[in-house]
Amino acid sequence: MTGEAMTSRVSAVGGNSGVAPHLQPPNANHPVQALRTDDIEVQVIEQGTELHTNERKTLAQHNTSSGSGKQGASKAGLFPVASTGALQLLTTAPSLVSAAAPPATGPATTAASSANSASATANGARPSLKNPVGWVCCAPCMWLRGSSAVHKMAITAATLLVTSLLVASPILFLISAAPSQLPRDCHVTEDDDCHPTPAPPPECSDTICRAAAISIQTRMNWDVEPCREFKNYSCSPLDSSNSLRAVKSSQEIADIQMQQLLSLNTTSGIFRKLGRLYGSCLRQTLNDSTIKMRLDKLGGYLQIGSVGPQSISPLIARIQSIGPMPIIGIYYDLSYGRKPQTLLIIDGPTTSAQILANPVRWQGPKAAPNDVTEEVPELLDQLMNVFLPPGLSTDQRLSEKRVIFSFVRDLNQIRRDYVQKDFTNSYVLNNITALRNTHPFLLWQDLLPANWTGPIVIRSPAYLEHLRRLLLAHQNRVIHNALLLLFALNTLPPGRPSPLICAKATNWALPEVSSALFIGQYSEQVIGHAIQRAEEMFENMKQHLKRAPSLRGAALVRLSQLKVQAKVWPTLFNKTEIASILDQIEISSDNWFENVLKIYQLNNNRSSARNISAESIHTAYAYPQIAKIFYDTLSHSIVVPLSVILVPYFNPVLPPYLHYATLGTALAKEILRSITKAFEAKVMQCVPNSVDVFSNTSRMDLLIYSGGMQIAYHTLLSLTGPIKGMNRLPGLSLTPPQIFFLMSAQELCAESEYSGVDVHSNDFDEILTWLISQGGSASDVFQCHSSTMLSYQKNCDIW
């Protein structure tokens, strides 16, 4: 029955039950036979080993006695024999086969049983193995499918698995999110205060990143613990071999650039006269006859014992007519509001500022408020040797020097303490008569325009009061001689002529022309991109401050109205306009003193034209080469010079923490200064007494500096989270927050050192550590113990 389909399934074990038909393979000699049992095919490899078991012999004899026919014998001869392994399986599992297949009855079953018996007899008692092998292979599957106990066990196991996953998933998430325990790296010796070091962020591979890392490492001392000696850790002394690579202040970078431009780019073209002015500075001497002649015209030296003038006002008026005034400053500006009016402002002297500014301030850029950085001018002693007559005895000469030094020192002291940088304590007088009645110690009608009828603003009332006391405390003869010397010193270069000193002096004398030369080294695209990034940083800090809970009321309104002005004065791009300014001046190549007096006269002639133009209203431009950000009260804007945003550390390739440590802190200081003044209580409470080391910085300025650092740091965190994703600098094994505070310290060191502050004194050490401890979370960033200086000095959050 080759090819016959299976029609029934019966058990072939025991009694008279029949054997179910099966599929006959097409080739009986093929080693692989396909057996179908319960519609499942099982392939059995058969090698032809004969079966010899007593059970199968008994079954064959039983089939023979039942009268099997010839057909059964022929089928048995075609079926191959099973292997010995199959025999063992059959003899050990007859009960499973019987249990899995219930007995069947009927003609078909009886016929099949008879046929199988006959086949076994004809082949010498060799039984068929098709059905038993199939049942043995499939019996476990059938039992698993049909057993209710197995089903219950499977459902229970699945329920337990799902429940365990639901319970374990939060625990697995927390374990995966927890930081890995990395090797510890602490700056303290106590293990209890040591925390795991986070995984290092990616490293910046750009060339400028490597240069920045080298520059920062130049001033570092890795052998010092930052928590205990942060100043020595961040600002170690420099030697001549590495001073060029160290971090420099923005002003130093701008002055070096101006020196190179004046030396190389002023030999021809429209800036040729500027180069001539620079050359005259290099050739200027103190014993020039022109200086002696000018001082003699102003009254000359008054001998010891002579009767001095009854009032010094005529001398001040004569000095004002030819050059800068040494004790007061008078200029014009616009009021704040939609309809501004012209104001005449009386202030402290601006002669030693970095800019010989135009008296009409809205006609050009503005300079930052001046800081007095020295007790007496550097060249005062040398100039007195020339000024004092040779007939004086040694004692008389020493006496004259002493009283002149005393007056100049006292004058600079009240300028440093009482000249205001804003209009907080200012008041307005309606006319010159009211001014004479309020401050009668000067003849104001000789100093102010006779036809002036507008408002007069006293910007620094405390300065005028202390100036009156100073003039009463000294003899008019001494004051006369001292004012002549100050007039000459304010006109001469600020030190012995050198390329750097003369670059500063040229920039002071002709600031607008020098500004045009400075911005000419940059393309408008580079300038525009830098300005855009500075404006974005300003907006980021402004939005961060608006969310501060301590900022409310009027301060919040002032912050909302505050704007930043980083754009360049458009006239500086107009070469024709710049050339017209130079055409009005005749510059001598060997007389700096007379050149400056000519420039001063040109500025005075400009002040007669005080017309208000639409584009000048509420627009305060900065001189691009004066690297100092300042708050302009009358325009309510933060004025940002170009030299501050074009420094290497504001390069867009560098990580943001370098941007916020430098430009961000400077911007935040002026934002804080502009929105609130309620710091008086904290000034005395927080700022250390060693602030006196900063001759140009008050306690309030230092407090605002610490607040600016706090704002810059927390704004950086609000934009980037914990700064984990920022690139770190190559070769610098510090985290981004650590580099932020390190860069802030080095910036302050460089700026203070360039302005003449002794950065290696103990007082400066205390101030720097105090500033860094206030500015954010430096003690946490460096993992400092609570007993270290960087931790216990944090006592003054001001916003």
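**Helix packing and aromatic contacts in the predicted model**

Ser250 is found in helix 10, which covers residues 250-264. In this predicted model, Ser250 has a relative accessible area of 12% and is therefore buried. Beyond its neighbours within four places in sequence, Ser250 contacts Ala627, Ser643, Val644, Val647 and Glu747.

The protein contains 33 helices and nine strands. Half of the chain is hidden: 50% of the 799 residues count as buried. The exposed area is about 36900 Å². Carbon and sulfur atoms supply 54% of that area. Among contacts with a separation of 6 or more, 76% join residues 24 or more positions apart.

Confidence varies along the chain. The average pLDDT is 77, and 71% of the residues score at least 70. Residues 1-129 stay under 50 in pLDDT. For residues 1-129 the model has 165 contacts beyond four places in sequence. Residues 187-191 also stay under 50, with 11 such contacts. Where pLDDT is low, the predicted coordinates should not be read in detail.

Helix 15 spans residues 394-418 and has 25 residues. The distance from its first C-alpha to its last is 36 Å, close to the 36 Å expected at 1.5 Å a residue. Buried positions occur along helix 15. They include Arg397, Glu400, Lys401, Ile404 and Phe405. Phe407, Val408, Leu411, Asn412, Ile414 and Arg415 are buried as well. An α-helix has 3.6 residues a turn, so residues three or four places apart point the same way. In helix 15, Arg397, Lys401, Ile404, Val408, Leu411 and Arg415 are among the buried residues. The buried residues of helix 15 pack against three helices: helix 14 (380-387), helix 18 (461-473) and helix 19 (476-491).

Helix 19 also holds Thr491. Thr491 counts as buried because its relative accessibility is 0%. Residues up to four places away in sequence aside, Thr491 touches Pro324, Trp508, Trp592, Phe593, Val596 and Leu597.

Aromatic pairs number 12 in the model. One of them joins Phe487 and Phe593 in an edge-to-face arrangement. Their ring centres are 6.2 Å apart, with 85 degrees between the planes. Phe487 lies in helix 19 and Phe593 in helix 25 (residues 592-606), so the pair ties together parts that are 106 residues apart in sequence. Both Phe487 and Phe593 are buried. Tyr713 and Phe740 form a tilted pair, at 5.2 Å centre to centre and 50 degrees between the planes. This pair links distant parts of the chain, 27 residues apart. Tyr713 belongs to helix 29 (residues 699-720), and Phe740 to helix 30 (residues 736-754). Tyr713 and Phe740 are both buried. Elsewhere, Trp222, Phe230, Tyr233 and Phe782 form one aromatic cluster.

Arginine side chains also meet aromatic rings. The charged end of Arg361 sits over the ring of Tyr331, 3.9 Å from the ring centre. Arg533 lies over the face of Phe650, with a distance of 4.0 Å to the ring centre.

How values were computed:
Residues numbered from 1 in each chain as written. Predicted model: local features only at pLDDT ≥ 70, side-chain atom pairs only at ≥ 80, totals over all residues. Heavy atoms only, no water. Helix = DSSP H or I, 4+ residues; strand = E, 2+ residues; numbered from the N terminus. Expected span 1.5 Å × (residues − 1). Buried < 20%, exposed > 50% of the residue type's maximum accessible area, 1.4 Å probe, protein only. Contact = heavy atoms within 4.5 Å. pLDDT = per-residue confidence, 0-100. Phe/Tyr/Trp six-rings, centres within 6.5 Å; stacked < 30°, edge-to-face > 60°. Lys NZ or Arg CZ within 6 Å of the ring centre and 35° of its normal. Areas by Shrake-Rupley, 256 points an atom, 1.4 Å probe, with all protein chains shown as cover.
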